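Here is a small set of exercises to work through with a structure open beside you. Try each task on your own, then go through the solution.

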Amino acid sequence: HLFREKHKGYHLIISLILVVSIFLWAGVVPLITGLSILGVGFSILIADYYNKFSEYIQKSKLSSWLWVFTLVLTILILITSVVPAFYLTSVSNKNIVPSEDVAALVWARYNTNANSLFAASPIEGSLVAYASKRRVVADSQFLGVSNAEEVLSDLRSLYRSPFKTDALSITDKYAITHIILTDTTRKYYNISDVAFDNDPCFKTVYNGYEKVKIFSVVCGLGD
């Protein structure tokens, strides 16, 4: 019956469902995105045909099973539409950059030397470089370089080591001028703070409600 429908809008919806289904099968479209599109398409079709379907069931010998068909349709809508929508919303929320981080990076853009080199977690490197217009030790694009593992290890030591000398040896090694600490950094390295906080060699030049800190490296290992 659907394919005999004269309304072009339904033909377009049916075509969309078929194309997305093929793309899902071929792995071209991400699963959640595909299910979301299918959910919208099926919801539109179901909304129009549900009343006709209910009337048909009530007139047939299956009238006592109408609630079962209704429940199944409801579950299908939840699986293909509502659940993916909640998932996509949660993913989007996780990817939102906190306003405190943005404020700190804008501050860095206008209050640090243009040649400054920032240390940040690799997952924040690209954001730091873009928003502050400053160089970073590592970002998500550098992982293909030959010494990537060494750089990652050094950054981990910088943030996690309890010894000031370890931090200074790393800042000397890369000529790091600034270190940024955010809630994202804390989660990434599983820390609550850095050992060099309040150390005179690492001057706190920005403190955003204790959530975001920027340290300026003012000492070397030999000082």
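What follows is five exercises on this predicted model, each with a worked solution.

**Exercise 1: Get an overview**

Find out how many helices and strands the protein chain has, and in what order they come.

*Solution.* Start with the count: the chain has eight helices and five strands. Now walk along from the N terminus, and you should get α-α-α-α-β-α-β-α-α-β-α-β-β. Next, look at what is covered up: 35% of the 223 residues count as buried. The chain exposes about 13,800 Å², and 63% of that comes from carbon and sulfur atoms. Last, check the contacts with a separation of 6 or more: 53% of them are between residues 24 or more positions apart.

**Exercise 2: Decide how far to trust it**

Work out which stretch has a pLDDT under 50, and what the average is for the chain.

*Solution.* First the average: the protein chain comes to a pLDDT of 77, with 58% of the residues scoring at least 70. Then go to the start of the chain, where residues 1-6 stay under 50. For those residues the model has 10 contacts beyond four places in sequence. How should you treat such a stretch? Where pLDDT is low, the predicted coordinates shouldn't be read in detail.

**Exercise 3: Track down the disulfide**

Identify the cysteines that form a disulfide, then say which parts of the chain they tie together.

*Solution.* Step one is the distance: a pair of cysteine sulfur atoms counts if they are within 2.5 Å. Cys 201 and Cys 219 sit at 2.4 Å, S to S, and make a disulfide. The count by this rule is one. Step two is location: Cys 201 is in the loop between helix H8 (183-189) and strand S4 (202-208), while Cys 219 is in the segment after strand S5 (212-217), so the bond links parts that are 18 residues apart in sequence. Step three is handedness: the torsion about the S-S bond is about -85 degrees, so this disulfide is left-handed. Step four is exposure. Cys 201 is buried, because its relative accessible area is 6% and buried means under 20%. Cys 219, at 21%, is partly exposed.

**Exercise 4: Look at two backbone angles**

Say where Ala 175 and Asn 190 lie, and whether each is buried or exposed.

*Solution.* Begin with what to expect: most residues other than glycine have a negative phi. Now take Ala 175, which isn't a glycine and yet has a positive phi of about 60 degrees. Ala 175 lies in the loop between helix H7 (164-174) and strand S3 (178-181). With a relative accessible area of 52%, Ala 175 is exposed. Then turn to Asn 190, where phi is positive too, near 55 degrees. Asn 190 is in the loop between H8 and S4. Its relative accessible area is 67%, so Asn 190 is exposed.

**Exercise 5: Map the cavity**

Name the residues that line the largest cavity, and the helix that gives the largest share of the lining.

*Solution.* Search the whole structure, and one cavity of 30 Å³ or more turns up. The largest cavity holds about 40 Å³ of space. Its lining is made up of Asp 101, Leu 105, Glu 124, Leu 127, Val 128, Ile 180 and Thr 182. Now sort by element: helix H4 (99-111) and helix H5 (122-132) each supply at least two of the lining residues. The largest share, three residues, comes from H5.

Key
Residues numbered from 1 in each chain as written. Predicted model: local features only at pLDDT ≥ 70, side-chain atom pairs only at ≥ 80, totals over all residues. Heavy atoms only, no water. Helix = DSSP H or I, 4+ residues; strand = E, 2+ residues; numbered from the N terminus. Buried < 20%, exposed > 50% of the residue type's maximum accessible area, 1.4 Å probe, protein only. Contact = heavy atoms within 4.5 Å. Areas by Shrake-Rupley, 256 points an atom, 1.4 Å probe, with all protein chains shown as cover. pLDDT = per-residue confidence, 0-100. 1 Å grid on protein atoms, 1.4 Å probe; cavity = no way out; pocket = protein on both sides within 12 Å on 5 of 7 lines; lining within 4 Å. Points joined across faces, edges and corners; volume = space filled by probe spheres on them.
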